[in-house]
Amino acid sequence: MSIVLSVRNLLRREYAFLADPLYYALLLAGLAAWFMPEPGLRMAWHVLLLKALTEELLFRVLFQESVTTVLRRRRGHVPSLGPFSLPNIIVSGCFAVLHLLAQDSVFALLTLLPSLLFGLA
(Lines give C-alpha, C1' and ligand atoms only; values in the text may rest on other atoms or scores of the structure.)
Protein backbone atom coordinates (compact mmCIF):
# COMPACT_ATOMS: atom_id res chain seq x y z
CA MET A 1 0.00 0.00 0.00
CA SER A 2 2.84 2.42 0.82
CA ILE A 3 4.38 1.86 -2.64
CA VAL A 4 1.12 2.91 -4.28
CA LEU A 5 0.98 6.06 -2.13
CA SER A 6 4.62 6.84 -2.92
CA VAL A 7 4.01 6.54 -6.65
CA ARG A 8 0.84 8.62 -6.39
CA ASN A 9 2.69 11.38 -4.48
CA LEU A 10 5.54 11.32 -7.00
CA LEU A 11 3.10 11.67 -9.91
CA ARG A 12 1.34 14.56 -8.18
CA ARG A 13 4.63 16.42 -7.82
CA GLU A 14 6.06 15.60 -11.25
CA TYR A 15 2.87 16.29 -13.21
CA ALA A 16 1.41 19.10 -11.11
CA PHE A 17 1.71 21.38 -14.14
CA LEU A 18 -1.19 19.48 -15.73
CA ALA A 19 -3.50 21.07 -13.16
CA ASP A 20 -2.24 24.58 -13.97
CA PRO A 21 -4.54 26.57 -16.31
CA LEU A 22 -1.52 28.61 -17.48
CA TYR A 23 -0.07 25.46 -19.04
CA TYR A 24 -3.18 24.97 -21.16
CA ALA A 25 -3.28 28.66 -22.06
CA LEU A 26 0.28 28.40 -23.36
CA LEU A 27 -0.59 25.30 -25.35
CA LEU A 28 -3.46 27.18 -26.97
CA ALA A 29 -1.19 30.15 -27.64
CA GLY A 30 1.05 27.82 -29.60
CA LEU A 31 -1.77 27.42 -32.10
CA ALA A 32 -1.26 31.06 -33.07
CA ALA A 33 1.82 29.94 -34.98
CA TRP A 34 -0.47 28.38 -37.58
CA PHE A 35 -1.74 31.83 -38.51
CA MET A 36 1.72 33.26 -39.12
CA PRO A 37 3.28 33.30 -42.60
CA GLU A 38 4.74 29.95 -43.58
CA PRO A 39 8.51 29.56 -43.52
CA GLY A 40 8.26 27.58 -46.76
CA LEU A 41 7.97 24.19 -45.13
CA ARG A 42 5.10 21.83 -45.85
CA MET A 43 4.64 18.86 -43.59
CA ALA A 44 1.90 16.40 -42.67
CA TRP A 45 0.24 16.93 -39.27
CA HIS A 46 1.35 13.57 -37.88
CA VAL A 47 4.97 14.23 -38.86
CA LEU A 48 4.83 17.70 -37.31
CA LEU A 49 3.37 16.34 -34.06
CA LEU A 50 5.98 13.58 -33.95
CA LYS A 51 8.78 16.10 -34.46
CA ALA A 52 7.39 18.43 -31.79
CA LEU A 53 7.00 15.58 -29.30
CA THR A 54 10.53 14.36 -30.03
CA GLU A 55 11.94 17.88 -29.58
CA GLU A 56 10.18 18.33 -26.26
CA LEU A 57 11.34 14.95 -24.98
CA LEU A 58 14.95 15.56 -26.01
CA PHE A 59 15.21 19.14 -24.84
CA ARG A 60 13.00 19.12 -21.74
CA VAL A 61 13.28 15.59 -20.39
CA LEU A 62 16.89 14.84 -21.26
CA PHE A 63 18.76 18.11 -21.73
CA GLN A 64 17.02 20.42 -19.25
CA GLU A 65 16.82 17.79 -16.53
CA SER A 66 20.51 16.97 -17.03
CA VAL A 67 21.52 20.64 -16.74
CA THR A 68 19.33 20.99 -13.64
CA THR A 69 20.96 17.93 -12.05
CA VAL A 70 24.48 19.18 -12.78
CA LEU A 71 23.75 22.63 -11.36
CA ARG A 72 22.19 21.16 -8.21
CA ARG A 73 25.23 18.95 -7.64
CA ARG A 74 27.77 21.70 -8.26
CA ARG A 75 26.04 24.70 -6.68
CA GLY A 76 23.49 23.12 -4.34
CA HIS A 77 20.67 25.07 -6.01
CA VAL A 78 19.42 26.03 -9.45
CA PRO A 79 19.99 29.71 -10.28
CA SER A 80 17.21 31.64 -11.95
CA LEU A 81 16.58 34.93 -13.68
CA GLY A 82 13.12 36.04 -12.64
CA PRO A 83 10.68 33.21 -13.29
CA PHE A 84 13.10 31.43 -15.67
CA SER A 85 15.58 28.91 -14.32
CA LEU A 86 19.11 28.88 -15.74
CA PRO A 87 18.61 25.39 -17.25
CA ASN A 88 15.45 26.65 -18.98
CA ILE A 89 17.35 29.66 -20.41
CA ILE A 90 20.25 27.47 -21.60
CA VAL A 91 17.98 24.87 -23.19
CA SER A 92 15.73 27.48 -24.82
CA GLY A 93 18.75 29.28 -26.24
CA CYS A 94 20.13 26.05 -27.68
CA PHE A 95 16.69 25.21 -29.04
CA ALA A 96 16.44 28.55 -30.88
CA VAL A 97 20.02 28.35 -32.19
CA LEU A 98 19.46 24.83 -33.55
CA HIS A 99 16.34 26.07 -35.35
CA LEU A 100 18.61 28.49 -37.22
CA LEU A 101 19.94 25.45 -39.11
CA ALA A 102 16.55 24.70 -40.63
CA GLN A 103 14.65 28.00 -40.66
CA ASP A 104 15.03 31.70 -41.36
CA SER A 105 16.40 33.66 -38.43
CA VAL A 106 13.03 35.29 -37.65
CA PHE A 107 11.23 31.95 -37.37
CA ALA A 108 14.10 30.41 -35.42
CA LEU A 109 14.07 33.27 -32.92
CA LEU A 110 10.30 33.01 -32.61
CA THR A 111 10.87 29.62 -30.97
CA LEU A 112 12.69 31.24 -28.04
CA LEU A 113 9.73 32.73 -26.15
CA PRO A 114 7.46 29.64 -26.38
CA SER A 115 10.42 27.49 -25.37
CA LEU A 116 11.03 29.64 -22.29
CA LEU A 117 7.34 29.51 -21.40
CA PHE A 118 7.06 25.75 -21.84
CA GLY A 119 10.16 25.38 -19.70
CA LEU A 120 8.26 26.94 -16.81
CA ALA A 121 5.90 23.97 -16.64
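Phe63 is partly exposed, with a relative accessible area of 32%. Please keep in mind that the structure we are viewing is a predicted model. The figure of 32% for Phe63 lies between the limits of 20% and 50%, which is why the residue is called partly exposed.

Let us turn to a second phenylalanine, Phe59. Is Phe59 buried or exposed? Its relative accessibility is 15%, and because buried means under 20%, Phe59 counts as buried. Phe59 and Phe63 both belong to helix α3, where they stand 4 residues apart, or about one turn of the helix.

I now come to the rings. How many aromatic pairs does the structure hold? There are 2 aromatic pairs. In one of them, Phe59 and Phe63 meet edge-to-face, with 6.4 Å from centre to centre and 70° between the planes. Phe59 also pairs with Phe95: the ring centres are 5.0 Å apart and the planes stand at 85°, so this pair is edge-to-face. Here the link joins distant parts of the chain, since Phe59 is in helix α3 and Phe95 is in helix α4, 36 residues apart. Both Phe59 and Phe95 are buried. Through these ring pairs, Phe59, Phe63 and Phe95 are linked into a cluster.

Phe63 has a further role in this description, at the surface. Together with Leu53, Leu57, Leu58, Val61, Leu62 and Ile90, Phe63 makes a nonpolar surface patch of about 610 Å². Which helix gives the largest share of the patch? That is helix α3, residues 45-75, which contributes 6 residues. Val61 is one of the patch residues, and its place is in helix α3. With a relative accessible area of 47%, Val61 is partly exposed; the value falls under the 50% limit, so the word "exposed" alone is not applied.

Finally, I should like to consider His99. This residue lies in helix α4, which covers residues 86-99. His99 has a relative accessible area of 13% and is therefore buried. Which residues does His99 contact, leaving aside its neighbours within four places in sequence? They are Glu55, Ala108 and Thr111. With Glu55 there is also a polar contact of 3.4 Å between the two side chains.

To review, Phe59, Phe63 and Phe95 form a cluster through their ring pairs, Phe63 also takes part in the nonpolar surface patch, and His99 is buried, with its side chain joined to that of Glu55 by a polar contact. Thank you for your attention.

Note on methods:
Residues numbered from 1 in each chain as written. Predicted model: local features only at pLDDT ≥ 70, side-chain atom pairs only at ≥ 80, totals over all residues. Heavy atoms only, no water. Helix = DSSP H or I, 4+ residues; strand = E, 2+ residues; numbered from the N terminus. Buried < 20%, exposed > 50% of the residue type's maximum accessible area, 1.4 Å probe, protein only. Polar contact = N/O pair within 3.5 Å; in protein donor to acceptor, adjacent residues only side chain to side chain. Contact = heavy atoms within 4.5 Å. Patch = residues over 30% accessible without salt bridge, like charges linked within 9 Å, V, L, I, M, F, W, Y side chains within 5 Å. Areas by Shrake-Rupley, 256 points an atom, 1.4 Å probe, with all protein chains shown as cover. Salt bridge = Lys/Arg side-chain N within 4 Å of Asp/Glu carboxyl O. Phe/Tyr/Trp six-rings, centres within 6.5 Å; stacked < 30°, edge-to-face > 60°.
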